[in-house]
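Student: Could you take me slowly through one part of this structure, the salt bridges, and tell me which residues they join and how buried or exposed those residues are?

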Amino acid sequence: MAYFRHDGQRLAYTVHGEGPRVTVLMPGLLLSQKMQIRLARELAPRGNRVITFDPLGHGASDRPRDMWRYSMAAFAVQLVALLDHLELERAIVGGTSLGANVTLEVAARAPERLQGMIIEMPVLDNAIPACAAAFTPLLFALTFGEPVMKLVARAARKVPHDRVPFLLELGLDSIAQDPGPSGAVLQGIIFGRTAPPRVERQTFEAPTLVIGHPRDPVHPFSDADMLAHELPNARLIDANSIIELRTKPARLTARIAEFVDQCWSADAAGAATRAASA
């Protein structure tokens, strides 16, 4: 794991593989880059350099308690800062849930840096009721029940994370964190905009792979389907479940790898055309 500093804060990332074909992957809300490491390790041997990234307040990155530091827009700025730090002109950028929405903010702020987008479980218009029901109690628990949540975190840290199933390990990692900064992350996200509005999303031209999940009210398939129709260069694939990519990843990983190849092949074809024209 490596680190760089942005706006006085230390941000964590990990590089998997080598080469000029770069993909950056971000985790879901209050989770760590660990959730994307299996996908990164599958893509890396196929000629890709894959970078897993913890935005501020997540994983191994710094976790200040200042609510104003956290928003989708701020996370997008941090992602672009990572590209600058690594001296990358362009990359495929993607993520899950929060990471998906941050990717859309990168498209709004720095579309010239995007070779493509991988959007898994976007949180858009149709998710609002379920998000309110799910995150409001969590926010109250993290903020007003902080002493109790600290005891819960302490208990979670005592569980040997390397001896439990992968999904449970991800959950324990999140629970084991100091609840104060986690509450600040939630407050900041709720205070800011969740995603660029529809009229703005319709202008995003980067090739996009949208992955939707059934039977998930916080990430309804209708949001993924809507986004795939809004974006001019998007395709939609459906996961069998919310955990398929983490437990039985072969089918979706193959589709993602194909998309990554196509993004960079299109770039090579464009470069050849420009050279011929010159």
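Tutor: Please keep in mind throughout that this is a predicted model. The structure holds 14 salt bridges, and a few of them are worth following one at a time. Begin with Asp261, which pairs with Arg21, their closest N and O atoms being 2.6 Å apart. Asp261 belongs to helix α11 (residues 250-277), while Arg21 is in the loop between β2 and β3, so this salt bridge ties together parts that are 240 residues apart in sequence. As for its surroundings, Asp261 has a relative accessibility of 31%, and it therefore counts as partly exposed, since buried would require a value under 20% and exposed a value over 50%.

Now turn to Glu120 and Arg246, whose side chains meet in a salt bridge with an N to O distance of 2.9 Å. Here too distant parts of the chain are linked, because Glu120 sits in strand β6 (residues 114-120) and Arg246 in helix α10 (residues 244-247), 126 residues apart. Both Glu120 and Arg246 are buried.

A further salt bridge joins the side chains of Arg251 and Glu244, at 3.1 Å from N to O. In this pair, Arg251 counts as partly exposed because its relative accessibility is 34%, whereas Glu244, at 6%, counts as buried. Finally, salt bridges can also be connected to one another, as you can see where Asp125, Arg198, Arg201 and Glu230 are linked in a network.

How values were computed:
Residues are numbered from 1 along each chain as its sequence is written. This is a predicted model: local features need pLDDT of at least 70, side-chain atom pairs count only at pLDDT 80 or more; totals for chains, interfaces and linings use all residues. Side-chain values use heavy atoms; hydrogens and water are left out. A salt bridge is a side-chain nitrogen of Lys or Arg within 4 Å of a carboxyl oxygen of Asp or Glu. Helices (H or I, at least four residues) and strands (E, at least two) are DSSP runs, numbered from the N terminus. Buried means under 20% relative accessible area, exposed over 50%, partly exposed in between (1.4 Å probe, protein chains only).
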